[in-house]
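Okay, everyone, thanks for coming. Let me put the structure up on the screen, and then I'll walk you through it.

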Amino acid sequence: MGRPTRAVRAAITQRRADAIDLRLAGVDWLTIGRKLAADPAINSDGIAYPQGYGVERYKAGQEPPVEKRLIELACKDVTKALAERSTKLEENVDEMRQLMAERLERLFFPMYRQALRSGDYQAVDRAVRIIERSSHLLGLNRPLRTEVSGPDGGAVQVHSTTDLDELERLIGLAGRVPEEGEV
């Protein structure tokens, strides 16, 4: 089977959007599967849903998918659609972050210039606040990574005073309920 046409891809995208809308409305998976089925015999609306579940079987004159398969297909559609939306959202967030950074940069320079030339404390305050906002937006305020090391940058040495018998006793205690008066 070759790559689907633009019309088929659009119909699949619509089916996935419909599946998400139905799920958000609280519709159960089987009802979603039936509503979006290609075969009018099992479609809850009695129509052939374009690029619906089991469309290949319907076109070939075969039996429609069983209920379990309809549920699987509906779940798969919602999962894929949400993953696609998440990816698009992440792309949009990156674009918006860049746009906001550019806006803050444009606002910064006039305030910076005014603060330097006239010593205007309000301009200084505005410039500092723009810097803070930019730093936050770009993630420059994240904590630095720190590592604990031993002498001369080597590994930290851990010494245990507990022997194997003591560890086994503690493991045994952890696996049972203590008796009355026992700690």
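Let's start with E84, which forms a salt bridge with R16, the closest N and O atoms being 3.2 Å apart. By salt bridge I mean a side-chain nitrogen of Lys or Arg within 4 Å of a carboxyl oxygen of Asp or Glu. This one links distant parts of the chain: E84 sits in helix α4 and R16 in helix α1, 68 residues apart. Helices here are DSSP runs of H or I with at least four residues, strands are runs of E with at least two, and both are numbered from the N terminus.

Before I go on, a word on where this comes from: it's a predicted model, where local features need pLDDT of at least 70 and side-chain atom pairs count only at pLDDT 80 or more, while totals for chains, interfaces and linings use all residues. Residues are numbered from 1 along each chain as its sequence is written, and side-chain values use heavy atoms, with hydrogens and water left out.

Back to R16. Which other side chain does R16 meet in a salt bridge? That's D77, at 3.1 Å from N to O. Here R16 lies in helix α1, residues 6–24, and D77 in helix α4, so the pair ties together parts that are 61 residues apart in sequence. In general, side chains of opposite charge can pair when their charged atoms come close.

Is D77 buried or exposed? It's buried, with a relative accessible area of 3%. Buried means under 20% relative accessible area, exposed means over 50%, and partly exposed is in between, using a 1.4 Å probe and protein chains only. R16 is buried too, at 14%, whereas E84 comes out as partly exposed at 37%. Add R15, and you've got a network: R15, R16, D77 and E84 are linked by salt bridges.

The structure holds seven salt bridges. Another one of them joins R69 and E72, at 3.2 Å from N to O. Those two both lie in helix α4, three residues apart, about one turn of the helix. R69 is partly exposed at 40%, and E72 is partly exposed at 36%.

Okay, aromatics. Rings of Phe, Tyr and Trp (its six-membered ring) pair if their centres lie within 6.5 Å; planes under 30 degrees apart count as stacked, over 60 as edge-to-face, and the rest as tilted. By that rule we get two aromatic pairs. The rings of F108 and F109 have their centres 5.5 Å apart and their planes at 65°, so that pair is edge-to-face. F108 and Y112, on the other hand, are stacked, at 5.3 Å centre to centre with 25° between the planes.

F108 and Y112 both lie in helix α4, residues 67–118, four residues apart, about one turn of the helix. Together, F108, F109 and Y112 form one aromatic cluster. Within that cluster, F108 is buried at 16%, while F109 is partly exposed at 42% and Y112 is partly exposed at 41%.

Now a couple of other spots. S135 is in helix α5, residues 121–138, and counts as buried at 14%. What is S135 in contact with, leaving aside its neighbours within four places in sequence? The partners are L140 and N141, where contact means heavy atoms within 4.5 Å.

S44 sits in the loop between α2 (29–35) and α3 (55–59). S44 is partly exposed at 45%, and, with the same neighbours left aside, S44 is in contact with R34 and K35.

Last, the overall picture. The chain has six helices and zero strands. Its radius of gyration is 31 Å, well over the 16 Å that the globule rule gives for 183 residues, so the chain is more spread out than a compact globule. That radius is taken over C-alpha atoms, and the rule is 2.2 Å times the number of residues to the power 0.38. The C-alpha atoms fill a box of roughly 75 × 75 × 40 Å along the principal axes. And of the 183 residues, 22% count as buried.

That's my tour, so over to you.
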